[in-house]
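User: I would like a close look at one part of this model, set in the context of the whole chain. Please take it step by step.

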Amino acid sequence: IDIFQEEIKIMISPTNGTLREYTDVNLARLLDPFGTEIQENATTLSGNQAYSVVYNDRIGNNEVKVMQTWTVIGNKAYDIVYTALPTKFEEYLPKIQELIDTFEIESPTANSSVKGQSKMIGNSLKYESSGIKINYPLDWVKEETKNNDVTTIIFRSPFEDTELERPSWHEITFTMAIDIDSVHDAGTDYR
């Protein structure tokens, strides 16, 4: 049974800080007094200096492994967060890295002709909105929300067992039949 949908979440938020300041705030938020191990490294995102961390976390009852990459361009911060079960993290990582490699931040003066839509590009879809572009797999689900000044775009993998002959726990339906005749009247004639 597939109990968790792997996902990549992109958050675009306003910031007044530099990449170094934004990194310091993010690392301070992630530091755990109980010693959670964080792997850190400098990287690039859409051709810009960026920072990346990998760590373990909990979502509900599930222990998950998280890779978070961020950059700051002008007055906006771009965070990309990949979340998966630890047993599936490495399996999905090449696909996630392909997604991240297609991630583009448009210049503030760019005027994209397609806004808030996805269009087919080979065997994937290209998402264009909120000043970004990214390709994602055809069978992944896209969700976009805007809360105040923060835009969040989430791409979720399909449950791996949706094609099974016998559906998993998240697809089970129940039926109940109720006999309205009394059990005491069964086969008895009370004329």
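Among contacts in the protein chain between residues at least 6 apart in sequence, what share joins residues at least 24 apart? And which residues have the most contacts inside the largest nonpolar core?

Analyst: This is a predicted model, in which local features need pLDDT of at least 70 and side-chain atom pairs count only at pLDDT 80 or more, while totals for chains, interfaces and linings use all residues. Residues are numbered from 1 along each chain as its sequence is written, and side-chain values use heavy atoms, without hydrogens or water.

For contacts (heavy atoms within 4.5 Å) between residues at least 6 apart in the protein chain, the share joining residues at least 24 apart is 50%. The chain has two helices and 11 strands (DSSP runs of H or I, at least four residues, and of E, at least two, numbered from the N terminus), and 39% of its 191 residues are buried (under 20% relative accessible area, 1.4 Å probe, protein chains only).

The largest nonpolar core (buried Ala, Val, Leu, Ile, Met, Phe, Trp, Tyr and Cys residues joined through side-chain atoms within 4.5 Å) has 26 residues, and Ile8, Ile10, Ile96, Phe103, Ile132 and Phe155 have the most contacts inside it. Elements giving two or more residues to this core include strand S1 (7-14), helix H2 (86-102) and strand S11 (150-156), and H2 supplies the largest share, five residues. Leaving aside residues up to four places away in sequence, Ile8 touches, among others, Ile80, Ile96, Leu99, Trp140 and Phe155. A second, separate core of 16 residues includes Tyr22, Leu27, Tyr55 and Val66.

Key. Buried means under 20% relative accessible area, exposed over 50%, partly exposed in between (1.4 Å probe, protein chains only).
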